[in-house]
Structures are given as structure tokens and as C-alpha cells.
Amino acid sequence: MLYLLCLLTLVLRYQAVLLCLAKVSQSNTSSPTLCTMSSWVVVGISGVTNGGKSTLAQQLHSRLPCHTKVISQDDYFFPTDSPHHVPCPGGLPHHNWDTISALDMNTMLRDVTDIVNSRPDHTKQSSDGGAVTHVWNATDLSPVLLMDGFILYDHPGILELCDLRYFLTLSREECWERRTIRVYDPPDVPGYFEACVWPMYEEHLARVKERVPQVTFLDGLLDNYPLVLQQVTEFSRLKGKARGTQG
């Protein structure tokens with residue numbers, strides 16, 4: 001059943017790609033939209049903290065048979081002294097780092113847009129630092145941008161760019177156990193998980209279920225890499241072929 005649902009998602013997203021490309025050939029405008037300009041496949045990997053988002057993104061980055069880039073939402077937190085931060089509920093002496101206002105999403109969107117509007121290199125460094133090898137061309141596999149982040153889909157611009165959307169989940173107990181062995185800067189204060197981390201995740205999950213179309217939910221306790229690798233590779237191949245047929 002899960003495989004059939006995932007296959008249906010791929011088909012629907014592929015139809016969207018074909019529609020987007022068809023608009024290119026039919027339009028006479030000198031300013032095509034972002035999706036018509038881009039040859040990139042954009043993959044969103046969001047979900048619960050400590051759910052394996054970054055691990056999955058790095059696995060895909062090292063093994064996808066095409067040009068890839070990775071952007072992590074964690075790299076866009078505002079500094080501790082930024083006025084953008086809001087306090088934790090309940091009077092905890094700590095910023096709420098689990099809300100989207102803690103992140104410089106305008107800069108992230110700009111960086112993502114720069115990538116999807118660019119033409120990728122035709123080469124990719126091997127994972128062991130060895131010789132550069134040819135892995136991509138315009139009629140073979142489309143390049144892939146992997147985005148990971150705990151609250152990706154709360155930003156409309158980021159959400160709209162995603163061709164494939166994944167969301168990792170964990171139980172409260174498993175999330176807490178993983179969180180306790182991680183080191184954060186600044187470190188969590190006592191009560192932060194109960195006041196911010198888990199409530200913010202539950203709110204985000206509810207919004208994703210209600211508002212985000214064509215999202216694939218993944219159990220963070222499972223090895224999701226083989227399935228996602230297969231899906232992303234196939235979508236990259238489909239989009240590459242679609243662009244090739246458009247000339």
C-alpha cells in the first residue's frame with residue numbers, strides 16, 4: 001500500500017512537471033516563471049527533530065547518480081542576540097528555537113532560488129575525494145537539490161519549490177530519547193522539550209496534514225533511504241527525459 005501511494009505521488013508530480021514544461025513551449029513571454037526556468041528537481045525532507053532528516057539528505061547526496069546539492073534549514077538560524085527571537089512559553093529563560101521566526105527564511109529562499117535558477121556542473125566529485133567523473137547531462141538525469149529542515153513547509157516559497165515532499169515522524173518517547181544525547185548550542189534548558197520542542201512539532205505536523213499536498217510520511221525508526229533514493233532517482237530521470245523531449 002505504501003509503495004502504491006508513493007508511486008501515485010510520483011505520477012502526480014511528474015504530471016505537474018509536464019504541465020510546467022508545456023507552458024514554456026506555449027508561452028511567448030520573455031520572463032518565464034521559476035518552475036519553467038529550472039532544470040532542477042527540488043526535494044524537501046522535513047519532520048520531527050532528530051528524525052533522521054540530515055542523515056537521509058546526506059545519504060542521498062552521496063549516492064544519487066546525478067549532480068546534487070544540499071541545503072540545511074539549520075544553517076539559517078538567527079544569532080542568539082537577534083531581535084527576531086521570541087521567548088519560550090511558560091516563562092522559560094530561553095528563546096523558542098522551534099518556530100519559523102527563529103530562522104532567516106528570506107536568505108534561505110534566496111539561496112535556494114539562486115541554485116534552481118542556475119545551470120549545474122556536468123561533473124560531481126566522488127565521495128572518497130577521488131577523480132571528478134561525468135554524471136549528468138540535460139537529456140539524462142535532472143540535477144537534484146535536497147533541502148532538509150524541521151519546519152520547511154511553513155514557508156510558502158520553499159513549499160512551492162518542492163517537487164517531492166517527505167516528512168519524518170517519531171513517537172514522543174523516541175524523540176525525547178534521541179534529543180537527550182544530542183548537544184545543542186545553546187543547550188536546551190530544563191523543560192524546553194515539553195514547552196517548545198514537542199508542542200511546536202505537533203502543531204507543524206497538523207498544518208502539514210491539513211495544508212501540504214502530495215507529502216509522503218516516513219517513519220523515522222525505519223531505513224527510508226532505499227525507497228527515497230529510488231523515488232528521487234526516478235523523478236530525476238523522468239524530468240530529464242521530459243525536458244529532453246521539449247528540445
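**Entry 1: a loop residue, and the ground rules**

I started at Gln214, which sits in the loop between helix 7 and strand 7 (215-219). For helices and strands I used DSSP runs numbered from the N terminus: H or I with at least four residues for a helix, E with at least two for a strand. Phi of Gln214 is near 50°, a positive value in a residue other than glycine. Gln214 counts as partly exposed because its relative accessibility is 29%. My classes are buried under 20% relative accessible area, exposed over 50% and partly exposed in between, with a 1.4 Å probe and protein chains only.

A note to myself on the source: this is a predicted model, so local features need pLDDT of at least 70 and side-chain atom pairs count only at pLDDT 80 or more, while totals for chains, interfaces and linings use all residues. Residues are numbered from 1 along each chain as its sequence is written, and side-chain values use heavy atoms, with hydrogens and water left out.

**Entry 2: the overall count**

I found eight helices and seven strands in the protein. Of its 247 residues, 45% count as buried. For contacts I took heavy atoms within 4.5 Å. Among the contacts with a separation of 6 or more, 80% are between residues 24 or more positions apart.

**Entry 3: more backbone oddities**

Asn50 also caught my eye: its phi is positive, about 65°, although Asn50 is not a glycine. Asn50 lies in the loop between strand 1 (41-47) and helix 3. Is Asn50 buried or partly exposed? Asn50 counts as buried, because its relative accessibility is 8%.

Then I checked for cis peptides. Asp185 and Pro186 are joined by a cis peptide bond, with omega about 0°. Pro186 belongs to the loop between helix 6 (172-180) and helix 7.

**Entry 4: helix 3**

I sorted helix 3 (residues 53-63) by burial, and Lys53, Leu56, Ala57 and Leu60 came out as buried. These buried residues span an arc of only 100° around the axis, so they are on the same side of helix 3. That arc is taken over the directions from the helix axis to the C-beta atoms. An α-helix has 3.6 residues a turn, so residues three or four places apart point the same way. Thr55 and Arg63 are exposed on the other side of helix 3.

**Entry 5: the cores**

Next I looked at nonpolar cores, meaning sets of buried Ala, Val, Leu, Ile, Met, Phe, Trp, Tyr and Cys residues joined through side-chain atoms within 4.5 Å. The largest has 36 residues, and Ile71, Met108, Val112, Leu145, Met147 and Tyr153 have the most contacts inside it. Helix 4 (105-116), strand 5 (144-149), helix 5 (156-161) and helix 7 each give two or more residues to this core. Which element gives the most? Helix 7 does, with eight residues.

I followed Ile71 outward, leaving aside neighbours within four places in sequence: its contacts include Tyr76, Met108, Ile115 and Asp148. A second, separate core has 20 residues, including Cys66, Leu146, Leu164 and Leu218.

**Entry 6: pocket and cavities**

I mapped empty space on a 1 Å grid over the protein atoms alone: a cavity is a set of points where a 1.4 Å probe fits but cannot get out, a pocket is an open set with protein on both sides within 12 Å along at least five of seven lines, and lining residues have an atom within 4 Å of a point. Grid points are joined across faces, edges and corners, and a volume is the space filled by probe spheres set on the points.

The largest pocket has a volume of about 520 Å³. Its lining has 22 residues, with Thr49, Asp74, Phe77, Arg182 and Tyr184 nearest the centre. Helix 3 gives the most to that lining, with three residues. The lining divides into six nonpolar, eight polar and eight charged residues. Here Ala, Val, Leu, Ile, Met, Phe, Trp, Tyr, Cys and Pro count as nonpolar, Asp, Glu, Lys and Arg as charged, and the others, Gly among them, as polar.

I also found two cavities of 30 Å³ or more, and the largest holds about 80 Å³ of space. Among the residues lining the largest cavity are Thr49, Asp98, Phe150 and His204. Helix 7 gives the most to this lining, with four residues.
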